[in-house]
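User: I would like to go through this protein at the bench-side level of individual residues. Could you take my questions one at a time and reason each answer through?

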Amino acid sequence: MPFCTTDWSAIPPTEHAGDTGKAFWRTLQLGDLRVRLVEYTPGYVANHWCARGHVLLVLEGTLHTELKDGRHFELGPLMSYQVADDDGEHRSSTQTGAKLFIVD
């Protein structure tokens with residue numbers, strides 16, 4: 001991809017419902033690469049298991065990540081996880097809300 005800069009405030013958010021709560025995505029699609037600034041409302045619980053690989057960085061709040069194999073992780077600001085496609089189906093939730101930067 002060529003060098004570019006992004007003004008995230010200029011990208012309109014799209015709303016995605018969870019089992020509870022909502023996610024708001026600001027998405028930049030660069031060929032096969034998707035870059036997102038995501039905000040979860042307090043009480044958000046994902047409505048699906050995700051098998052897609054990500055690099056995820058928590059900017060604000062607390063994120064709970066559950067893997068389908070039963071493991072659980074809690075991430076706070078400036079913590080990240082990295083997972084490859086089809087290597088650890090996962091889903092997210094937050095009691096307090098969270099703001100994330102995700103590359104996949």
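The questions and answers below concern a predicted model.

User: Which strand supplies the largest share of the largest nonpolar core?

Analyst: The largest nonpolar core has 14 residues, and Tyr-40, Leu-56, Val-58, Leu-63, Tyr-81 and Leu-100 are the ones that touch the most other members. At least two residues of this core come from each of strand E3 (33–40), strand E5 (54–61), strand E8 (80–83) and strand E10 (98–103). The largest share, 3 residues, is supplied by E10.

User: Leaving aside neighbours within four places in sequence, which residues are in contact with Leu-63?

Analyst: Leu-63 is listed with the members of the largest nonpolar core that touch the most other members. Once the neighbours within four places in sequence are set aside, the residues in contact with Leu-63 are Tyr-40, Leu-56, Val-58, Phe-73, Glu-74, Leu-75, Tyr-81, Ser-92, Ser-93 and Leu-100.

User: How many residues make up the other core, the one that includes Trp-8?

Analyst: This other core lies apart from the largest one, and among its residues are Trp-8, Ile-11, Val-35 and Leu-37. Trp-8 itself is found in the segment before E1, and, with its near sequence neighbours within four places left aside, Trp-8 is in contact with Arg-26, Thr-27, Leu-28, Val-35, Arg-36, Leu-37 and Phe-101. The number of residues in this other core is 5.

User: Is Trp-8 buried or exposed?

Analyst: The relative accessible area of Trp-8 is 18%. Because buried means under 20% relative accessible area, the term that applies to Trp-8 is buried.

User: How far apart in space are Trp-8 and Ser-92, C-alpha to C-alpha?

Analyst: In sequence, Trp-8 and Ser-92 are 84 residues apart. Taken C-alpha to C-alpha, the separation of Trp-8 and Ser-92 in space is 22 Å.

User: Which residue meets Arg-52 in a salt bridge, and how do the accessibilities of the two side chains' residues read?

Analyst: Arg-52 lies in the loop between strand E4 (44–45) and E5, and the partner sits in the segment after E10, so the pair, 52 residues apart, links distant parts of the chain. Arg-52 has a relative accessible area of 33% and is partly exposed, whereas the partner has 11% relative accessibility and counts as buried. Arg-34 and Arg-36 are also linked with this pair in a network of salt bridges. The N to O distance in the bridge is 3.9 Å, and the residue that meets Arg-52 is Asp-104.

User: What separates the closest N and O atoms of Glu-66 and Arg-91?

Analyst: Glu-66 belongs to strand E6 (residues 63–67) and Arg-91 to strand E9 (residues 90–94), a pair 25 residues apart that links distant parts of the chain. Both count as partly exposed, Glu-66 at 22% relative accessibility and Arg-91 at 28%. The closest N and O atoms of this salt bridge are 3.1 Å apart.

User: Which residue forms a salt bridge with Asp-69?

Analyst: Asp-69 is exposed, with a relative accessible area of 54%, while its partner is partly exposed at 44%. The side chains meet at 3.0 Å, N to O, and the partner of Asp-69 is Arg-71.

User: How much space lies in the largest pocket?

Analyst: The lining of the largest pocket consists of 20 residues, and Trp-25, Arg-36, Tyr-40, His-48 and Cys-50 lie nearest its centre. Two or more lining residues come from each of strand E1 (14–17), strand E2 (22–30), E3, E5 and E9. By kind, the lining divides into 10 nonpolar, 6 polar and 4 charged residues. The space in the largest pocket is about 290 Å³.

User: What is the phi of Leu-78, and where does this residue lie?

Analyst: Leu-78 lies in the loop between strand E7 (72–75) and E8, and at 71% relative accessibility Leu-78 counts as exposed. Although Leu-78 is not a glycine, its phi is positive, at about 65°.

User: In which loop is Asp-86 found?

Analyst: Asp-86 is a residue other than glycine with a positive phi, near 60°. At 67% relative accessibility, Asp-86 counts as exposed. The loop that holds Asp-86 is the one between E8 and E9.

Note on methods
Residues numbered from 1 in each chain as written. Predicted model: local features only at pLDDT ≥ 70, side-chain atom pairs only at ≥ 80, totals over all residues. Heavy atoms only, no water. Core = buried A, V, L, I, M, F, W, Y, C linked by side-chain atoms within 4.5 Å. Buried < 20%, exposed > 50% of the residue type's maximum accessible area, 1.4 Å probe, protein only. Helix = DSSP H or I, 4+ residues; strand = E, 2+ residues; numbered from the N terminus. Contact = heavy atoms within 4.5 Å. Salt bridge = Lys/Arg side-chain N within 4 Å of Asp/Glu carboxyl O. 1 Å grid on protein atoms, 1.4 Å probe; cavity = no way out; pocket = protein on both sides within 12 Å on 5 of 7 lines; lining within 4 Å. Points joined across faces, edges and corners; volume = space filled by probe spheres on them. Nonpolar A, V, L, I, M, F, W, Y, C, P; charged D, E, K, R; others polar.
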